[in-house]
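Work through the following exercises on pockets and their linings. Try each task before reading its solution.

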Amino acid sequence: MTIAQITGEALIGGVARRGAGNSFKAWNPAAREHIEPAFHMVDIDQIDQACSLAGEAFDVFRNTTDEERAGFLDTVADQIMALGDALVERAMAETGLPRGRMEGERARTCNQLKLFGSLLREGSWQDPRIDPALPQRTPPRPDLRSRLIGVGPVAVFAASNFPLAFSVAGGDTASAFAAGCPVVLKAHSAHPGTSELVARAVVKAVELCGLPAGTFALLTGNGIGQALVAHPAIQAVGFTGSRSGGTALMAVAAGRQQPIPVYAEMSSINPVLLLPQALEQHAERIGREFAASLTLGVGQFCTNPGLVLTIDGPGLATFCAAATAALNDTQPATMLSAGIASSFRRGVAALGSNEAVTTLLRLEHEDNQGHAALFRVDGADFLARKELHEEVFGPASLLVVCRDVEQMRAIVEHLEGQLTAAIHLEEGDIEAAQALLPTLERKVGRILANGFGTGVEVTHAMVHGGPFPATADGRSTSVGTGAIFRFLRPVAYQNLPQALLPAVLRDENPRGIWRRRDGALGKE
C-alpha cells in the first residue's frame, strides 16, 4: 500500500480500517459529480480505539527530545511533498480551487511544519524557570523549577476552506505535534480523498521516526465530532469552521466530567476603516485593492473584508466607482461546496432585501458559484440593525458610511470579536487612528495599516485569533509558533533531585537554552 493510494478508509493505529458506518463519496463542485472511491463513517468503537491509542502514545511521544520531534515534523513535510501531483490534483477535484492555490497551500503546509521544527530546536518554548533554594531565608525558600508540557491527545477538525494548511497536517496538527501531543484528526467530508492522502503521509512519518502508532489517527464521516470531543482521552480541541459547529463542540467540551479547552476559529467580518485623508488621496487604488481582497479565493478566506467603514466626504464616490468596476470585472468562480454556495446566496439575498441597505453591485451567477456583491448603509442604520453585523461567507461586503470618527468608533465598539481590522491612513489621519486604536485592540486579533487581512503570513509574531466569535479563546492564535501554547500546561518541580528533573531544568544547560533564573533571562 503506497501513501498515494486512496481507499476510502480511516487510519487507526497505523493501519487502514474501513469505517463501520454509512458510506459517502466526495463531490467535485466544478464538474458537479461524485468522485470515487466510497468512504465510510467510523463508529463509536473505532473512535474509542483511536482515542485510546492516542492516550497510550502520549507519554512516549511527549518525552521524545526536541530534535526527535523536529525531525518528525520535517519528515511529515517531506512525505507530503513525496505525494507529488496526486495530492494537488485530488485537492483541485474536491474543492474546485485552481492549481496555483493548491501548490501554494501545499508549500505553506510544509513550511509551517518546518517552522515548528525550528522552534523545537531553539528550545525555549518550554519556558523553563528556575528559582534556586534560599535556605538562609526565614522561612526558607524551596528549590522551585517549572516548564511547559503537552496537555495530552488533541482532537483536530479539518477545515473546508483550507484543505491542506488548516486540515490534516495543518497548523493545529503541527502545533499539537510540536507540543508533544498525539492527534486524532476528523477529516472534512468535503475533501476526504485529500485528507486520506495527507494522513497516509503522516502515518508513514510516524513509522519512519519510530513513534507509537497512536501518535496520529484519521477518522472519516460526518456526525462523529461530538463523540470525539467527549472521549475522556481527548484533552483539547482544534477546530476551524462554522459558528454553529464550533459552539456545539464547546458545549460538549464544557459538559464533560473533565471539561477541556476548545480552540475554535468560527466567524469574522474583518472591518476595513478608511480614514479621510487616505480616502481622499488614494480612493481609486484602495477600491481596486479592496475588490481583489474581497474576491480572493471566491471570498472563502476567514479574513476577507466583509465590512468597510468610512466617512462621507472627498474620495467616497471614487472608491465606490473603482470598487464596483473592479468587482464587475471579476469572473464568478466555483465555491467549495453546495452548502457554502447556498448559504452565500441566502446571505446576499438578506442584505439586498433589507430596507436600510442600498445595493451597489449584485451580479448573477450559477448556483454552485460565487460572484461579488457590494452594499451600502448609513452608520446609524447599521448600529440599529444587528442582523447587518453577521458574516456572509463569500465575496460580499457592506459599506457603512459614518457621520464622523466617533460614530466609526461606536460601530467598532458594537461589533463582535474579529480576526483582523485594517486601517487606511495618511499622516493627517494619525490622530483619528489613535482615537480608534484602543477599541480595535479590544475587538481584534490583528490590526494592519494600509492593507487588507487576506494573506496570513506564517511567522513567529503572527496572531490569527481574536475575541469571540472570531475564536473561542481570544488569548490564543492558530497561526505562527505561538499556536503551540494552546496545547501546553505548566508543571512545577519542588526540591526534586537533579536526576529526576527534566533535562531543560537541570543545573547544567548544555544546549544553551534561554531560561529564566530568579526572574532574569539567561543561558548560564
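**Exercise 1.** Describe the second largest pocket: its volume, its lining and its central residues.

*Solution.* Start with the volume: about 430 Å³ of space lies in the second largest pocket. A pocket is an open set of points on a 1 Å grid over the protein atoms alone, where a 1.4 Å probe fits, with protein on both sides within 12 Å along at least five of seven lines. The volume is the space filled by probe spheres set on the points, which are joined across faces, edges and corners.

Next, the lining (residues with an atom within 4 Å of a point). It has 23 residues; Asp66, Gln126, Arg147, Ala503 and Val504 lie nearest the centre.

The model is predicted: local features need pLDDT of at least 70, side-chain atom pairs count only at pLDDT 80 or more, and totals for chains, interfaces and linings use all residues. Residues are numbered from 1 along each chain as its sequence is written, and side-chain values use heavy atoms, without hydrogens and water.

**Exercise 2.** Find which element gives the most to this lining.

*Solution.* Take the DSSP runs, numbered from the N terminus: helices (H or I, at least four residues) and strands (E, at least two). Helix H2 (66-82) and strand E6 (144-150) each supply at least two lining residues. E6 gives the most, with 4 residues.

**Exercise 3.** Repeat the analysis for the largest pocket.

*Solution.* Its volume is about 1100 Å³. Of its 50 lining residues, Met266, Ser267, Glu391, Val392 and Phe393 are the closest to the centre. Helix H11 (338-353), strand E18 (396-402) and strand E19 (418-424) each supply at least two. H11 provides the largest share, 8 residues.
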